[in-house]
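Reader: I would like a close look at a single helix in this model, with its surroundings described carefully, and then a wider view of other parts that can be set beside it.

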Amino acid sequence: MTATCLLVASLMVWTASASAAALEPPPGASACSGCHLASAGRRAGVPPLTGRNPADIVAAMQAFRSGQRAATVMDRIAKGFSDAEVEAIATWYADRR
Amino acid sequence: MTTLDISRRKLLGVAAASAASTLVHAPAVAQANPRVVIVGGGFAGATLARTLKKADPRISVTLVESSRTFTACPFSNAVIAGLRDLNAQQFGYDKIAGDGVSLAFDTATAVDVGARTVTLGGGGALAYDRLVLTPGIDIRWNALPGYDEAAAQQLPHAWKAGEQTTLLRRQLEAMDDGGVVIISAPSNPFRCPPGPYERASLIAYYLKTRKPRSKVIVLDAKDQFSKQKLFVNAWKELYPDHLEWVSLSQGGNVTSVDVGAKTLLTDFGRRKGDVVNVIPPQKAGRVADLAGVADRSGWCPIDPLTFESKLQPNIHVLGDAAIAGGMPKSGFAANAQGKVCAFALAKLLNGSAPGETKLINTCYSLVAPDYGISIAGVYRPANGTFTEVEGSGGVSPSKAPPEMRALEATLANDWFGTITTEVFG
């Protein structure tokens, strides 16, 4: 009886943590939506990040960081993130709608 | 309590007592619906409320806010300069309520840290497991001798958007051509570090285009300010006859206010204005004092990973009220902090430790309607506060073609639309 209870309780904990983990943005990702629209629902000069090919976001961030791509603020922001962090952010946005 | 609840609680009680690892998770599972109360529905609090409810719908989220309409400060300088209507700054809480957040349009009058309750002015109290305070700023009345609440009706601060914004605009509109506008800028820290200089710029734009024999004078308690080189260069180019900045070392520090004479007293003399805008010293919003989370500086020290107060347990502070190291007191920063804090709270309430974080700030300022400049930064928790990531961040280039300045003005507008849609739309 006690063993079953433990299992049930552990599963409940696991389920709650797992759902929070799937939603949880990697470091830096949640700040992007201050400027980047959550979806393409509104016209703006800044492209949405959701549902994009992660390779495009990674390539853009590398080009901003190196100065190859002209920027207003993104050159300054890209320099604050490592390749691994950019990869994680790009992957997370690819899974969002 | 139903039978099901009793058996579930018993079951969890047994589980919690059985193993140390489970015990860590006990608060989350024993409390069927953890309760989070948020006081303050600005960029930080409203963002947090929505994000938290989406991150974990089981959490009961209550947002306490005294006003049914939020009036945003970013872009309110454009309202003062007659370039925008105040209602473009205003947002309601319907969409936030629609996401399952309970709205309490009321004022917090007391916080009982031991009992974990917030007393409301309209009667009753809210119990919490975690309390989040996002009160923004309050004015430190009389910190500048002579400047009290009554004085602000004559010499507006307009540093909380709303009636004060409209009052300053009307005074500018009523001023005769040839008049002098004086802005008094405070020492650090204060809400929106580039704000006084954007305001001076847009008022200069208004004067240049509408009342060209007039000028605006900034009396500053500082020698340095945000985006200084960009502002000063733009002023030389756009407003050589309409804007004068008087630094601390030039005698700009205002020491007291003579309200009746519309005169500011400085270290070096007296300055009379036809319109006087006093941006006074500030502190964390009042509820921070009630909860005992503000230190002697008037602002709230926090742990940068969780935003938990360093002075009181189970109370978190973010936005302008918090001491956030290198992060400025801005709407962008408050929104970014709200999202990060929401996930940290979801984890804490599920009995796990918050993960690594990184935050961004971007602040645009308008020097003219088609002339925008920006500052950006990336921050991480380090040494007990937020530290700017080395090599990142900075301001717009000091030399740039007009197209670049126009683009940044457009992006500033886009930013306001995007962030207010995320928070209130």
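Author: The account below starts with one helix of chain B, goes on to sheets and a loop in that chain, and ends with chain A.

The model is a predicted one, and the values given here are computed from it. The part to look at closely is helix α3 of chain B, which runs through residues 43–55 and so has 13 residues; from its first C-alpha to its last the helix reaches 18 Å, close to the 18 Å expected at 1.5 Å a residue. This helix is mostly covered, with twelve of its 13 residues buried. The buried residues begin with Phe43(B), Ala44(B), Gly45(B), Ala46(B), Thr47(B) and Leu48(B), continue through Ala49(B), Arg50(B), Thr51(B), Leu52(B) and Lys53(B), and include Ala55(B).

A helix that packs against α3(B) is α11(B), residues 331–349, and the two axes come within 8 Å and cross at roughly 30°. The crossing of α3(B) with α11(B) is right-handed. On the α3(B) side the contact is made by Phe43(B), Ala44(B), Thr47(B), Leu48(B), Thr51(B), Leu52(B) and Ala55(B), while the residues they meet in α11(B) include Gly331(B), Ala334(B), Gly338(B), Cys341(B), Ala342(B), Phe343(B), Leu345(B) and Ala346(B). By class, the residues of this contact of α3(B) with α11(B) divide into eleven nonpolar, six polar and one charged. The spacing of the contact residues can be read with a general rule in mind: an α-helix has 3.6 residues a turn, so residues three or four places apart point the same way.

One residue of the helix deserves its own description, namely Ala49(B), which lies in helix α3 of chain B. Ala49(B) counts as buried because it has 31 C-beta neighbours inside 10 Å, where 20 or more are required. Apart from neighbours within four places in sequence, Ala49(B) is in contact with Ile38(B), Val61(B), Leu63(B), Ile96(B) and Val101(B). Lys329(B), 280 residues from Ala49(B) in sequence, is 19 Å from it in space, C-alpha to C-alpha.

Chain B also holds strands. In one open sheet, three strands stand in the order β6-β7-β8 with antiparallel pairing. The strands β6(B), residues 108–112, and β8(B), residues 125–127, are at the edges with a single partner strand each, and therefore one side of each is left without a neighbour in the sheet. With direction ignored, neighbouring strands of this sheet are turned by 20° against each other on average. Between β6(B) and β7(B), residues 117–120, there are four bridges, and Ala108(B) stands opposite Leu120(B) in β7(B).

Another open sheet of chain B has four strands in the order β13-β12-β11-β17, with parallel pairing. At its edges are β13(B), residues 243–246, and β17(B), residues 275–278, each of which pairs on one side only. Here the average turn between neighbouring strands, again with direction ignored, is 15°. Four bridges join β11(B), residues 180–185, to β17(B) in parallel, and Val181(B) has Val275(B) in β17(B) as its bridge partner.

A hairpin can be described in similar terms: β14(B), residues 254–258, and β15(B), residues 263–266, run antiparallel and are joined by four bridges. Asp258(B) has Thr263(B) in β15(B) as its bridge partner. Four residues lie between the two strands, and in this hairpin Lys262(B) takes a positive phi near 50°.

Away from these strands, Ser309(B) sits in the loop between β19(B), 300–301, and β20(B), 315–317. Ser309(B) nevertheless counts as buried, because it has 25 C-beta neighbours inside 10 Å. Its contacts, leaving aside neighbours within four places in sequence, are Val293(B), Cys300(B), Ile302(B), Ile315(B), His316(B) and Val317(B). Ile59(B), 250 residues from Ser309(B) along the chain, is separated from it by 21 Å between C-alpha atoms.

Chain A has five helices and zero strands. Of its 97 residues, 34% are buried, and among contacts between residues at least 6 apart in sequence, 55% join residues at least 24 apart. Its helices α3(A), residues 54–66, and α5(A), residues 83–94, have axes that come within 8 Å and cross at roughly 145°, in a right-handed crossing. Pro54(A), Ile57(A), Val58(A) and Met61(A) of α3(A) make this contact with residues of α5(A) that include Val86(A), Glu87(A), Ala90(A) and Tyr93(A). By class, the contact of α3(A) with α5(A) has eight nonpolar, one polar and one charged residues.

Key. Residues are numbered from 1 along each chain as its sequence is written. Chains are lettered from A and ligands numbered from 1 in the order in which they are written. This is a predicted model: local features need pLDDT of at least 70, side-chain atom pairs count only at pLDDT 80 or more; totals for chains, interfaces and linings use all residues. Axes are lines fitted to C-alpha atoms, for helices over the stretch in contact, and angles run from 0 to 180 degrees between N-to-C directions. A crossing is left-handed if the near helix is turned anticlockwise from the far one by less than a right angle, and right-handed if clockwise. Two residues are in contact if their C-beta atoms, placed from the backbone, lie within 7 Å. Ala, Val, Leu, Ile, Met, Phe, Trp, Tyr, Cys and Pro count as nonpolar, Asp, Glu, Lys and Arg as charged, and the others, Gly among them, as polar. Two strands pair if DSSP finds at least two bridges between them.
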